[in-house]
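Take a look at the model below. The walk through it starts with a sheet and ends with the helices beside it.

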Amino acid sequence: MTEPNAASDVLGGLLADLRAESAVLDGLVAGLPTGDWARPTPAEGWTVAHQIAHLAWTDDWTALAARDPEDFGASLGGRFTDLPAAGADPVEEGAREGAAAEPAALLARWRAGRAEVQAALAAAPAGVRLPWFGPPMKPASMATARLMETWAHGQDVADALGATREPTDRLRHIAHLGLRTLGFAFALHGLPAPERPVRLELTAPTGGTWSLGPAGAEDVVAGPALDFCLLVTQRRHRDDLALTATGSVATAWLPIAQAFAGAPGKGRQPGA
């Protein structure tokens with residue numbers, strides 16, 4: 001059992017890494033001319049503004065889940081069942097509505113929202129499971145999910161702007177989440193949960209190897225940590241990544257890997 005101080009240290013480290021990842025993306029968009037906020041990103045129909053609006057929208061929900069879980073459930077039911085058009089996607093609606101704001105206002109909203117997330121998660125009891133769109137999560141897992149989303153949508157923005165971000169060891173959090181969601185990815189595709197575990201052997205951005213998963217596992221995924229994170233966030237196609245899969249479970253997993261909640265995404269086309 002994790003001691004309270006240890007759990008607090010883990011969460012504190014995650015929140016610090018989330019701040020750092022957010023600052024990288026903030027640096028990409030803070031000085032953009034107004035017209036560049038309308039640049040299309042690799043996500044179909046989404047501009048740079050849509051990407052930031054989505055992060056701000058999700059931060060709003062995250063803070064609500066941490067501050068008032070009961071209100072989160074009530075708001076979720078109302079928001080998702082009372083949409084302006086039949087069959088409308090609330091995620092798309094949130095991004096569209098947010099992207100309609102002036103860039104300066106949108107940036108200020110995102111900055112305020114992510115500060116609120118920091119405060120709300122830091123104040124939440126370490127052992128409590130917070131409600132979410134997928135399975136409930138503890139504050140540390142919620143912080144990891146926010147880091148993953150920030151990094152992934154930041155990749156979309158970087159691609160749109162032709163920018164290259166330096167990979168950091170913060171990717172370890174995303175790799176860990178990617179492995180933890182293996183069963184979730186199979187379930188999303190109507191497949192039974194694998195009976196054998198998978199081990200990751202990833203080359204860290206700063207050198208060395210990250211070994212995640214049980215030692216001696218027959219199924220292994222190996223390659224650069226950056227490539228694995230691009231895969232599980234569906235920011236690059238499997239064919240464009242230097243990843244190898246050993247074993248039937250690992251081989252079946254890579255094409256459907258998904259570290260984020262929601263329906264299976266379309267992913268990227270080879271070479272895109």
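What follows moves from the whole sheet to one edge strand, then to the helices.

This is a predicted model. Four strands build an open sheet with mixed pairing. Their order is β2-β1-β3-β4. Strands β2 and β4 (residues 244–246) form the edges, and each pairs on one side only. Neighbouring strands are turned against each other by 15 degrees on average, with direction ignored.

Start at the β2 edge. Strand β1 covers residues 198–203, and β2 covers residues 209–212. The two strands run antiparallel and are joined by four bridges. Leu 202 of the hairpin stands opposite Trp 210 in β2. Leu 200 has Leu 212 of β2 as its bridge partner. Between the two strands of the hairpin lie five residues. Gly 207 in this hairpin takes a positive phi near 100 degrees.

Now follow the side chains along β2. Which of them are buried, and which are not? They alternate. Trp 210 and Leu 212 point to one face and are buried. Thr 209 and Ser 211 point to the other face and are not buried. The two buried residues are also seen in the pairing: Trp 210 stands opposite Leu 202, and Leu 212 is the bridge partner of Leu 200.

Two helices complete the picture. Helix α7, residues 171–180, lies across β1 and β2. Its direction runs at about 30 degrees to β2. Helix α9, residues 225–232, packs on the sheet and touches β1, β2 and β3 (residues 219–224). The direction of α9 makes about 110 degrees with that of β3.

Notes
Residues numbered from 1 in each chain as written. Predicted model: local features only at pLDDT ≥ 70, side-chain atom pairs only at ≥ 80, totals over all residues. Heavy atoms only, no water. Buried < 20%, exposed > 50% of the residue type's maximum accessible area, 1.4 Å probe, protein only. Pairing = 2+ DSSP bridges. Axes fitted to C-alpha atoms, helices over the stretch in contact; angles between N-to-C directions. Contact = heavy atoms within 4.5 Å.
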